[in-house]
Amino acid sequence: METLLNRKDIFGLTLAELQEALTPFHVPRYRAKQIAEWMYKRGAVSFADMTNLPKQLREELGAALVIGRPKTKDRLDSVDGHTTKFLLEFADGTAVESVLMRQPYGNSICVSTQAGCSMGCAFCASTLHGMARNLTTGEILAQVITINDMLRAEGQGGKVDTVVIMGSGEPLMNYDHVLGFIRLLHEDYVLGMGYRNITLSTSGIVPQMYQLADEGLPISLSVSLHAPHQELRTELMPISRKYPMEEVIKAARHYADVTKRRVTYEYILIDHVNDGEEQARELVSLMRGQLASVNLIPINPVAERHLLRPSAARIDWFEHYLTTHHVNVTVRREMGTDIQAACGQLRNQHLQD
């Protein structure tokens, strides 16, 4: 991506790509790794920060190249201090949301892969304004690095420990950039994050689910299910018309078979829509024989959607029914409800403003 000053943006390049970008400057190849580590591990936002590079080289690189980093347009912190939501704005004015969740097992962040979303799910705020564009590999990575820099600045050895690709957008509709991001995150000159610490969530883009299984990356896969049969799922998730639930389940089973990784089915609980005994019984039948678990997510209501959260009693009953029928089930711990941590809500507010 070229900036307004016609300088090449190098943030998001692999080491090999960075070496190629540095070719005109006739520098030793090891300089590329130094620069990569400054950008990705040490938070450098300009070449002037890179003190182990000769001063003249820093000036030459600064005149021709730029380290593209977003600016924080907004930030909301939950009252309990466990959740922080960021609205990050890139050079062209496009803004996306990222969420930091301070969990007992470490710091987890949720990143967006598209600005907005075109999936049209009935319960989601991300899709209200449609999709603006795909994010680049560097723009997805920048969300992680920005938050990692903040945690490091706070001291006490804070860092990003796990990443969920579950923010705004459908990651498998931006496949190449998302896979580039995952591979970069794993590199030792970036964060060296283990693939098992990365989870990707999809609404069920069947061809890319098979493609992902063939990548040989042991990342965790989450599938947005939200209904136990095709008719209701299509009402909630229009993408189910193109990729029917039966085909999505088949692709998820294949992913589990190939990777030996348990698939998680995300199931948003909506009051008197998909939380009754009939749906619970159908869901138990659907899960039988799968290397899978169900993550129940009581809906975080979006005003424009007019869908309500079930009572605590209905949530408990649904969970208990699945458990007693031998389904591996969890209920998502609520984080950030006081700061509208559901995908898309903060971005929508700024778009309206």
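Is Asp149 buried or exposed? In this predicted model, Asp149 has a relative accessibility of 14% and therefore counts as buried, since the cut-off for that class is under 20%. The side chain of Asp149 takes part in a salt bridge with Arg69, in which the closest N and O atoms are 2.7 Å apart. This pair connects distant parts of the chain, given that Arg69 sits in the loop between strand E2 (65-66) and strand E3 (71-77), whereas Asp149 belongs to helix H4 (residues 137-154), 80 residues apart. Arg69, for its part, is partly exposed, with a relative accessible area of 21%. Salt bridges with shared partners extend the arrangement, joining Arg69, Asp149 and Arg152 into one network.

The structure holds 16 salt bridges, and two further examples can be set beside the one just described. Side chains of opposite charge can pair when their charged atoms come close. One such pair is formed by Asp188 and Lys33, whose side chains meet in a salt bridge at 3.9 Å, N to O. Here too distant parts of the chain are linked, with Asp188 in the loop between helix H5 (175-186) and strand E10 (198-202) and Lys33 in helix H2 (residues 30-40), 155 residues apart. Asp188 counts as partly exposed at 47% relative accessibility, and Lys33 is also partly exposed, with a relative accessible area of 33%.

The pair of Lys55 and Glu59 is found within one helix, H3 (residues 55-64). Their salt bridge has its closest N and O atoms 2.7 Å apart, and because the two residues are four residues apart in the helix, they are separated by about one helical turn. Lys55 is exposed, with a relative accessible area of 55%, while Glu59, at 48% relative accessibility, counts as partly exposed.

Helix H3 also contains Leu61, which is buried, with a relative accessible area of 0%. Leaving aside neighbours within four places in sequence, the contacts of Leu61 are with Leu22, Phe25, Ile35, Phe47 and Leu53. A further reference distance runs from Leu61 to Gly93, which is 32 residues apart from it along the chain, the two C-alpha atoms being separated by 25 Å.

Turning to the packing of helices, helix H6 (residues 206-213) and helix H8 (residues 245-259) pack at an angle of about 5°, with their axes 9 Å apart. H6 and H8 are therefore roughly parallel to each other, the class for angles under 35 degrees. On the side of H6 the contact involves Val206, Met209, Tyr210, Leu212 and Ala213, which meet residues of H8 including Val248, Ala251, Ala252, Tyr255 and Val258. By class, this contact of H6 with H8 has ten nonpolar, two polar and two charged residues.

A second packed pair consists of helix H9 (residues 277-287) and helix H10 (residues 312-324), whose axes lie 10 Å apart at an angle of about 30°. H9 and H10 are therefore likewise roughly parallel to each other, and their crossing is right-handed. Glu277, Gln279, Ala280, Arg281, Leu283 and Val284 of H9 make the contact with Trp317, Phe318, Tyr321 and Leu322 of H10. The residues of this contact divide into seven nonpolar, one polar and two charged.

Terms used: Residues numbered from 1 in each chain as written. Predicted model: local features only at pLDDT ≥ 70, side-chain atom pairs only at ≥ 80, totals over all residues. Heavy atoms only, no water. Salt bridge = Lys/Arg side-chain N within 4 Å of Asp/Glu carboxyl O. Buried < 20%, exposed > 50% of the residue type's maximum accessible area, 1.4 Å probe, protein only. Axes fitted to C-alpha atoms, helices over the stretch in contact; angles between N-to-C directions. Parallel < 35°, antiparallel > 145°, perpendicular 65-115°, else oblique. Left-handed = near helix turned anticlockwise from the far one by under 90°. Contact = heavy atoms within 4.5 Å. Nonpolar A, V, L, I, M, F, W, Y, C, P; charged D, E, K, R; others polar.
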